[in-house]
Amino acid sequence: MVRRKQAALALPRTLVVLLLAAIVLVLGGEAWMLASTGRGAVLLARWGIARRDRAVALFADRIRAGLAAAGVPADSVREVGRPAGAAAVRWRVGVASATSLLQINYAVSRRVEELGGTVLAGRETAAPGGATRLVLLLGFPRRPLHEVTVTRGRGTEEVEGRPAPRLALVLFGFGDDADAARKFFALSVPFAVAIVPGSRASGDLLRAAHEKDREVVLHLPLEPVNYPQLNPGPGTLLVTMKPDVVTGTVRRWLDQAGSVVGVANHMGSLATQDPALMGAVFRELRRRHLPFIHVQPTAGAVCKSLAGQLGVVYDEPGAVLDLEARQSSTKRLDERWSEALAYARRRGHAAVWVRATPRVREWLQRATRAQRLGEVELAPLSTVIRRPAAL
């Protein structure tokens, strides 16, 4: 009888051991899966389970992405490294006087926090020579990993090494003619393309653009003042629509479009004055970290201020060449192009939108020759989108 009791007691012990082993295996597997993701690796480093070198590298990637999203050129960013005795990797960034430090703060801080990091400090101070300086301390509580110093002001560009003026071209107005669009896409000239969703040719246009590695802007059809006499096309977003319908439509179109560098208004003189409709659009753009490019804004438009309130990147083209592209002569087109190049030289960067017409396809080849551009470089649109003046 005693032996039977001992055997009976041994069985639960075995089950307990097996159960503990299973728990250890499960927890080990979960820890391995957690460590394989960026956020998981950061969390493990924050808890002291994993080395923090991985977190430092991941935060560095997010810092660069945030600076790029804020329109800071890559060659204006220097990673100094971790000097002896310093707690954090140090960054030095120089930006033009028109750049918003508040937007840089927002772009960098948000990306670090999304990964599980903490903004330990963020302050703006006066710097010598009338410049302004933003200092961000990023990492874990009581453990700084990165110190980012951004200097803005007169003369900053010369100190940090100002890049050549950059100009981005955006072609729009392809309509439903996919064959004509493919002829444009095949050109050797670098440019982005704006494509209106919802039409019967939208899918073909998007596929053709991605096949040629063109940056794509989703050209969102928005209600104009005299709609429907002036009609942006199928699926136009109207001010009478409920916000969740607007957001859902924008979400569906972005999913169908694939990779895009931004969203712009196609018409929309009425819609861009409506805070409810544009707020519904901007909420989806904020979720996807996409900028809004306001083409030819009307006087009553709310987009710039609303984008600032909601934390959405906002930009406006330096020039829109529309009527000039439709004329039989290229004289006015050449004049406006010269003005756009001069604008890019003054500001350091610019985006120019040009309607895609057969005449423009011929004109582009000579307008983008090195002799015509001078020191201005043609650049991807994603590198010249700038931040608004304030959130």
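This passage describes the overall make-up of a predicted model, its salt bridges, two loop regions, one helix residue and a pocket.

The model is predicted, so local features are reported only at pLDDT of at least 70 and side-chain atom pairs only at pLDDT 80 or more, while totals for chains, interfaces and linings use all residues. Residues are numbered from 1 along each chain as its sequence is written, and side-chain values use heavy atoms, with hydrogens and water left out.

The chain has 14 helices and 14 strands; both are DSSP runs numbered from the N terminus, helices being H or I with at least four residues and strands E with at least two. Of its 391 residues, 47% count as buried, where buried means under 20% relative accessible area, exposed means over 50% and partly exposed covers the range in between (1.4 Å probe, protein chains only). Contacts, defined as heavy atoms within 4.5 Å, often span long stretches of sequence: among those in the chain with a separation of 6 or more, 67% come from residues 24 or more positions apart.

Salt bridges offer a good way into the fold. The structure holds 19 of them, each being a side-chain nitrogen of Lys or Arg within 4 Å of a carboxyl oxygen of Asp or Glu. In one, the side chains of Arg64 and Glu79 meet at 3.3 Å, N to O. This pair links distant parts of the chain, with Arg64 in helix H3 (residues 53–69) and Glu79 in strand S1 (residues 77–81), 15 residues apart. Arg64 counts as partly exposed because its relative accessibility is 38%, and Glu79 falls in the partly exposed class at 39%.

A further salt bridge brings together the side chains of Glu147 and Arg92 (4.0 Å, N to O). Glu147 belongs to strand S5 (residues 143–152) and Arg92 to strand S2 (residues 89–95), so this bridge ties together parts that are 55 residues apart in sequence. Relative accessibility is 21% for Glu147, which therefore counts as partly exposed, and Arg92 is partly exposed at 25%.

Within a single helix, the side chains of Glu339 and Arg336 form a salt bridge of 3.3 Å, N to O. Both residues lie in helix H12 (residues 331–347), 3 residues apart, or about one turn of the helix. Glu339 is partly exposed, with a relative accessible area of 44%, whereas Arg336 counts as buried at 16%. Elsewhere, salt bridges that share partners join Arg251, Asp255, Glu284, Arg287 and Arg288 into one network.

Attention now turns to two loops. Ser199 sits in the loop between strand S7 (192–195) and helix H7 (202–211). Its side chain makes polar contacts (pairs of N or O atoms within 3.5 Å; within protein, one must be able to donate a hydrogen and the other to accept it, and residues adjacent in sequence count only if both atoms are side-chain atoms). One such contact, of 2.8 Å, is with the side chain of Ser202, and another, of 3.2 Å, is with the side chain of Asp176. Beyond its neighbours within four places in sequence, Ser199 is in contact with Asp176 and Pro234.

Gly175 is found in the loop between strand S6 (166–172) and helix H6 (178–185). Although 24 residues separate Gly175 and Ser199 in sequence, their C-alpha atoms are 8.5 Å apart in space. Gly175 also touches Ala201 and Leu205, not counting residues up to four places away in sequence. With 48% relative accessibility, Gly175 counts as partly exposed.

Arg359 lies in helix H13 (residues 358–367) and is partly exposed, with a relative accessible area of 35%. Leaving out residues up to four places away in sequence, Arg359 touches Gln327, Ser328, Ser329 and Thr330. For Arg359 and Ser329, a sequence separation of 30 residues goes with a C-alpha to C-alpha distance of 8.6 Å.

Finally, the second largest pocket has a volume of about 340 Å³. It is lined by 19 residues, with Asn265, His266, Met267, Val295 and Gln296 nearest its centre. A pocket here is an open set of points on a 1 Å grid over the protein atoms alone, where a 1.4 Å probe fits, with protein on both sides within 12 Å along at least five of seven lines; lining residues have an atom within 4 Å of a point. Points are joined across faces, edges and corners, and the volume is the space filled by probe spheres set on them. Strand S9 (residues 262–267) supplies the largest share of the lining of this pocket, 3 residues. The lining divides into 7 nonpolar, 10 polar and 2 charged residues, with Ala, Val, Leu, Ile, Met, Phe, Trp, Tyr, Cys and Pro taken as nonpolar, Asp, Glu, Lys and Arg as charged, and the others, Gly among them, as polar.
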